[in-house]
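Biologist: Hi! I'm new to this one, so could you walk me through it?

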Amino acid sequence: MMHSAFQSLKHRAFVLFIPFLFAEFANGQSLVQLVEDLEPSVFKIECYDKYGMPEGTGTGFIVGEDGRAVTNWHVMDETAFAFAIFDDSKIVEITSIIEASEQHDLAVIQLAMSEGMTYTPLRLQKTIPPKGSELFIIG
């Protein structure tokens, strides 16, 4: 149960640097292909209180093969425990909050790992796209 970890972070804000959060758009790739490529990196979050009652939902995306992921702080705030649910119906426990910024409404979370398990990080663009570029929000 992560409740104590969540509570200890509740009133602390960490400065969180995340590269520009734009998914790469491969030249010539259709929107359907783009969604298919990115789906393994995006998940729904279901949150529960200390009594196991549903508390809310949100979304997140994988940033590390080791199960590090990013979501909004307000999704995890006050949550006793939570699960990530992937498009293929895989359900994974969210084990901790690694860093959080209440001010920026961001949280880096850790998903459970089991032997031989890896995650597919979302491809992040390292530069700001030129004006007029097509951007897609997935999640």
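Modeller: Happy to! Let's start with one pair of residues: Glu 46 has Phe 83, in strand 4, as its bridge partner. Keep in mind that this is a predicted model.

Biologist: Okay, and how do strand 1 and strand 4 pair, parallel or antiparallel?

Modeller: Antiparallel, over six bridges. In general, strands of a sheet pair through backbone hydrogen bonds, in either a parallel or an antiparallel way.

Biologist: What do the six strands form together?

Modeller: They make a closed barrel, in the order 1-2-3-6-5-4, with antiparallel pairing. From one strand to the next, the twist averages 40 degrees.

Biologist: How many helices go with those strands?

Modeller: The protein chain has three helices alongside its six strands. Starting at the N terminus, the elements come in the order α-α-β-β-β-α-β-β-β.

Biologist: And how much of the chain is buried?

Modeller: Of its 139 residues, 34% count as buried. The accessible surface of the chain is about 8400 Å², and carbon and sulfur atoms account for 54% of that.

Biologist: Which residues have the most contacts inside the largest nonpolar core?

Modeller: That core has 20 residues, and the ones with the most contacts inside it are Phe 43, Ile 45, Met 76, Phe 86, Ile 94, Ile 109 and Leu 111. Two or more residues each come from strand 1 (42-48), helix 3 (73-76), strand 4 (81-86), strand 5 (91-101) and strand 6 (106-111). Strand 5 gives the largest share, four residues.

Biologist: Let me pick Phe 86. What does it touch?

Modeller: Leaving out residues up to four places away in sequence, Phe 86 touches Pro 40, Val 42, Phe 43, Ile 62, Val 92, Leu 111 and Tyr 119. There is also a second, separate core of eight residues, among them Phe 61, Val 70, Val 108 and Leu 122.

Biologist: Changing topic: where is Trp 73, and is it buried or exposed?

Modeller: Trp 73 sits in helix 3. Its relative accessible area is 3%, so Trp 73 is buried. From C-alpha to C-alpha, Trp 73 is 5.9 Å from Glu 102, although the two are 29 residues apart in sequence.

Biologist: What about contacts between residues far along the chain in general?

Modeller: If you take the contacts between residues at least 6 apart in sequence, 65% of them join residues at least 24 apart.

Biologist: What about the backbone? Which phi does Glu 78 have?

Modeller: A positive one, about 70 degrees, although Glu 78 is not a glycine. Glu 78 is in the loop between helix 3 and strand 4. Its relative accessibility is 34%, so Glu 78 counts as partly exposed.

Biologist: And where does Asp 105 lie?

Modeller: In the loop between strand 5 and strand 6. Asp 105 has a positive phi as well, about 55 degrees, and is not a glycine either. With a relative accessible area of 22%, Asp 105 is partly exposed.

Biologist: Last thing: what pLDDT does the chain average?

Modeller: The average is 81, and 78% of the residues score at least 70. Over residues 1-25, though, the pLDDT is below 50. That stretch has 60 contacts in the model beyond near neighbours in sequence.

Biologist: How should I treat a stretch like that?

Modeller: Where pLDDT is low, the predicted coordinates should not be read in detail.

Definitions and conventions:
Residues are numbered from 1 along each chain as its sequence is written. This is a predicted model: local features need pLDDT of at least 70, side-chain atom pairs count only at pLDDT 80 or more; totals for chains, interfaces and linings use all residues. Side-chain values use heavy atoms; hydrogens and water are left out. Buried means under 20% relative accessible area, exposed over 50%, partly exposed in between (1.4 Å probe, protein chains only). Contact means heavy atoms within 4.5 Å. Accessible areas come from the Shrake-Rupley method with a 1.4 Å probe; for residues, only the protein chains shown count as cover. A nonpolar core is a set of buried Ala, Val, Leu, Ile, Met, Phe, Trp, Tyr and Cys residues joined through side-chain atoms within 4.5 Å. Two strands pair if DSSP finds at least two bridges between them. Axes are lines fitted to C-alpha atoms, for helices over the stretch in contact, and angles run from 0 to 180 degrees between N-to-C directions. pLDDT is the predictor's confidence in each residue, from 0 to 100.
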